[in-house]
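Please walk through this protein with the structure open beside the text. The account begins with a single residue and then widens to the sheets, the helices and the confidence of the model.

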Amino acid sequence: MAIIQLSETLINQIAAGEVIERPASAAKELIENALDAGATRIEIATAGGGKALLRVSDNGSGMDAADLELAVRRHCTSKISETLEDIRTLGFRGEALPSIGSVARLSIASRRRDSAGGHEIAVAGGKIAHMRPAAANPGTIVEVRDLFFATPARLKFLKTEKAEAGAITEIVKRMAIAFPAVRFVLSGSDRTTLEFPATGDDHLARMAQVLGKEFRDNAIALDAVREEISLTGFAGVPTFNRGNSAHQYAFVNGRPVQDKLILSAIRGAYAETIPSGRHPVAVLSITLDPALVDVNVHPAKSDVRFRDPGLVRGLIVGAIREALARDGSRAATTGASDMLRSFRPGFQPNSQRPQTAWSAETSPSRPYQPTTGFDERPQASFDGLSMPTARAEPQFSPQPAAPEPNARYPLGAARAQIHANYIVAQTEDGLVIVDQHAAHERLVFEAMRKALHSKRLASQVLLIPEIIDIPEEDCDRLMQHAAELSELGLAIERFGPGAIAVRETPAMLGEVDAHGLIRQLADEIAEWDTASGLSAKLEYVAATMACHGSVRSGRRLRPEEMNALLREMEVTPGSGQCNHGRPTYIELKLSDIERLFGRS
């Protein structure tokens, strides 16, 4: 077979397969061009998730007729000339516009500030139309319609319109964090308008716009230098963590990147400070000589290669760990409401409880609600206790039960609660220390998993629905699985474009932090949501709910409650570890204790 020269259109379409993978790729390239042109205001409009329409308007320097003529031709650029070792712009390959024009209907209208009028050029399926004069404001408007109409096979690999629109939103967020002095507006018929006003040099204010106002109160400033490589940004305190890694942003010389080395360094820096399955929130900006980093690894320019990767990794890990050691021990402000609730007065002992008519609040049959808090009065029950009871009624009944003679219990009888989190129990030949939260989390999860295979879990209707404000894309994900969540006893409804109303919660969980639960479920669905939907992950969601509804650390328990917890652990499969793989109790034999004191 003879070798032939491919046509320019086919060459561009082949290149487009690498440069333009989806509508978000096109949006990224066009926004980069606007930023390189010095724009201070960028407006992005979409329709059909960017497949039907993607329009990017800016107030940058603009182009004249000669520039427009070259801009739609391959490998024509104003950003580099002779070398790739001093790249200081976002774009430089000269491939984006011709690649888009080869697979879509592309039109560009532009006008220089010092020009009396503008010009427009169009490209459809690789065919360039004649230049014509056009009325235009200073700057450039790039409009892409019918993306991949010339390569229809690519359309089959795109996701739903909502998913593609969400991907464009993520691109805009990353660009907005990198350029706080630029105003971004994202709108369209397929979304609610999203606006990020310019914040000038206040990078933290822009991060708060994108990551939420809580980030400002839970962020630790980073500022480190090592061998002419500088690292700035903000890292969240360990207790301010999320369910996926989508809230980690990295920039190299102002360029948003998703580099494995940087993400690995973030994980290493937070090692042993964040529970398994949780991810820190961080925004890192690395500045170095352009000659020390290769940004030409892939046409999408999202991967980079450092000349000294060990140095960069060491800088990131060291800076974050130093910041955490300095200021990372404080708790996240998002837990302040939980802390305030923990100071509510505790249960009155039965001997002091007045005899009153039945009420839902005092009934032993009510759903278990962890509201005792830090009150010291329940601990007085231990004072006159010569031998703790090792028997209690199911569901943590507050009615004390007499000890059962000659009964043997593997986890023994409760003797004390220390540091409001650990139960110390005496066994026949040693002692057991139980993490009350981890243990009860496992019990609730097993109960929910068992109920999943029989019927819908019982729910409790909230007198006043909880309204949770979350991003619109998270609302969309949650509502797609509202029916499956309802099977778990969690009833939610849409409450405007960016809010969810929680009307019912699982009865077995008692008092639930609905805000924390909804945000974590949204993060987890975003992490592993596939075509199989949530139905294949119901047990995982049950584990999340169990964690939010379990006995919290810091809650004082009465002897009857502690013993009831021990008895349920003894009959529950897998109660030796919580849903996250951590142990729920440790056991010390008398021989081990004697060895500690040198008596063996």
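**From one loop residue to the whole fold**

At a relative accessibility of 71%, Glu-228 counts as exposed, because the threshold for that class is over 50%. The residue belongs to a model that is predicted, and Glu-228 is placed there in the loop between E10 and E11. Its phi is near 70°, which is a positive value in a residue other than glycine.

The two strands on either side of that loop are a good place to enter the sheet. E10 and E11 pair in the antiparallel sense over eight bridges, and within this pairing Ala-221 has Phe-234 in E11 as its bridge partner. Helix H10, residues 309-327, packs on the sheet, where it touches E10, E11 and E16, and its direction makes about 140° with that of E10. Just before E10 comes Asn-218, in the loop between helix H8 (213-217) and strand E10 (219-226). With a relative accessible area of 0%, Asn-218 is buried, and its C-alpha atom is separated by 8.3 Å from that of Ala-235, although the two residues are 17 apart along the chain.

The sheet as a whole is open and has five strands in the order E10-E11-E16-E13-E14, with mixed pairing. E10 and strand E14 (255-257) stand at its edges, each with a single partner strand, so one side of each is left without a neighbour in the sheet. On average, and with direction ignored, neighbouring strands of this sheet are turned by 20° against each other. The mixed character of the pairing can be followed strand by strand: strand E11 (residues 229-236) and strand E16 (residues 282-287) pair in the antiparallel sense over six bridges, with Ser-230 having Thr-287 in E16 as its bridge partner, whereas E13 and E16 pair in the parallel sense over five bridges, and there Ala-250 stands opposite Leu-284 in E16.

Leading into E13 is a loop that deserves a closer look. Asn-244 has its place between strand E12 (241-242) and strand E13 (248-252), and at 4% relative accessibility it counts as buried, since the limit for that class is under 20%. A polar atom of the side chain of Asn-244 lies 3.1 Å from the backbone nitrogen of Ala-246. Leaving aside neighbours within four places in sequence, Asn-244 is in contact with His-279, Asp-523, Ala-526 and Glu-527.

What phi value does Phe-148 have? The angle is near 70°, a positive value in a residue other than glycine. Phe-148 is found in the loop between strand E7 (139-145) and helix H5 (152-155), and with a relative accessible area of 1% this residue is buried. Further along the chain, helix H6 covers residues 161-178, and its 18 residues reach 26 Å from the first C-alpha to the last, close to the 26 Å expected at 1.5 Å a residue. Of the 18 residues of H6, 14 are buried, so the helix is largely enclosed by the rest of the structure.

A second sheet is open as well, with four strands in the order E19-E20-E21-E25 and antiparallel pairing. Its edge strands are E19 (413-418) and E25 (585-589), each of which pairs on one side only. Neighbouring strands of this sheet are turned by 20° against each other on average, direction ignored. E19 and strand E20 (residues 422-427) pair in the antiparallel sense over five bridges, and Ala-425 in E20 is the bridge partner of Ala-414. Helix H17 (residues 559-571) lies across E19, E20, strand E21 (430-435) and E25, and runs at about 120° to E19.

Seen as a whole, the secondary structure of the protein comes to 18 helices and 25 strands, and buried residues make up 48% of its 600 residues. Among contacts between residues at least 6 apart in sequence, 71% join residues at least 24 apart.

The confidence of the prediction should be kept beside this picture. The protein averages a pLDDT of 79, and 76% of the residues score at least 70. Over residues 335-356 the pLDDT stays under 50, and for this stretch the model has 31 contacts beyond four places in sequence. The pLDDT also stays under 50 over residues 358-403, for which the model has 103 such contacts. Where pLDDT is low, the predicted coordinates should not be read in detail.

Notes: Residues numbered from 1 in each chain as written. Predicted model: local features only at pLDDT ≥ 70, side-chain atom pairs only at ≥ 80, totals over all residues. Heavy atoms only, no water. Expected span 1.5 Å × (residues − 1). Buried < 20%, exposed > 50% of the residue type's maximum accessible area, 1.4 Å probe, protein only. Pairing = 2+ DSSP bridges. Axes fitted to C-alpha atoms, helices over the stretch in contact; angles between N-to-C directions. Contact = heavy atoms within 4.5 Å. pLDDT = per-residue confidence, 0-100. Polar contact = N/O pair within 3.5 Å; in protein donor to acceptor, adjacent residues only side chain to side chain.
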